[in-house]
Amino acid sequence: QVQLVESGGGLVQAGGSLRLSCAASGSIFRLNAMGWYRQAPGKQRELVGKITAGGTTTYASSVKGRFTISRDNAKNTVYLQMNSLRPEDTAVYYCNVDIIDYDLGRMDYWGKGTLVTVSS
């Protein structure tokens with residue numbers, strides 16, 4: 001089994017910054033893509049950004065230029081640096097990882113989510 005621990009959410013004023021972290025641990029043979037999704041109240045979960053094992057990044061158009069996703073493979077950790085935050089960025093942010101598990105093979109894991117609230 002693999003565990004994901006997210007941190008870094010909180011309350012921030014519009015224009016401010018936050019940095020989310022998600023550390024994976026457990027039965028990890030290889031980490032493939034790692035990403036962040038978010039779900040605002042009454043809306044569907046959406047992709048925020050994703051980074052491949054090779055470092056290629058993809059972003060939602062709504063966050064491009066403001067958010068940066070990165071990873072530390074030695075620490076099995078993915079980060080989301082969020083700058084110039086807007087009230088519409090308020091959501092629960094979820095970490096998602098594509099892993100080759102020693103026991104289970106290729107698996108897709110989700111974190112429990114961390115709340116980001118941006119006040120106007």
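## Surface and overall size

The protein chain exposes about 6300 Å², and carbon and sulfur atoms supply 49% of that area (Shrake-Rupley method, 1.4 Å probe; for residues, only the protein chains shown count as cover). This is a predicted model, in which local features need pLDDT of at least 70 and side-chain atom pairs count only at pLDDT 80 or more, while totals for chains, interfaces and linings use all residues. Residues are numbered from 1 along each chain as its sequence is written, and side-chain values use heavy atoms, leaving out hydrogens and water.

With 120 residues, a compact globule would have a radius of gyration near 14 Å, and the protein chain agrees with its 14 Å (taken over C-alpha atoms; the rule is 2.2 Å times the number of residues to the power 0.38). The C-alpha trace spans about 45 × 25 × 25 Å along its principal axes. Of the 120 residues, 44% are buried (under 20% relative accessible area, against over 50% for exposed and in between for partly exposed, with a 1.4 Å probe and protein chains only).

## A chain of strands

Follow the protein chain and you will meet eleven strands and zero helices. These elements are DSSP runs numbered from the N terminus: strands are E, at least two residues, and helices are H or I, at least four. Among contacts with a separation of 6 or more, 54% join residues 24 or more positions apart (contact means heavy atoms within 4.5 Å).

## The four-stranded sheet

Four strands form an open, antiparallel sheet in the order 1-3-8-7 (two strands pair if DSSP finds at least two bridges between them). Strand 1 and strand 7 stand at the edges with a single partner strand each, so one side of each has no neighbour in the sheet. From one strand to the next, the twist averages 15° (axes are lines fitted to C-alpha atoms, with angles from 0 to 180 degrees between N-to-C directions).

Let's walk across the sheet. Strand 1 is joined to strand 3 by six bridges, and E6 has C22 of strand 3 as its bridge partner. Strand 3 then pairs with strand 8 over six bridges, where L20 is matched with L80. Strand 8 also pairs with strand 7 over six bridges, one bridge partnership being T68 with Q81.

## The hairpin and its two faces

Strand 7 and strand 8 form a hairpin with four residues between them, and N76 in the turn has a positive phi of about 50°. Side chains alternate along strand 7: F67, I69 and R71 are buried on one face, whereas T68, S70 and D72 point to the other and are not buried.

## Inside the core

The largest nonpolar core holds 31 residues, and W36, L80, M82 and Y93 have the most contacts inside it. Such a core is a set of buried Ala, Val, Leu, Ile, Met, Phe, Trp, Tyr and Cys residues joined through side-chain atoms within 4.5 Å. Strand 9 gives the largest share, five residues.

What is Y93 in contact with, leaving aside its neighbours within four places in sequence? Its contacts include W36, L80 and M82, and also F67, L20 and E6.
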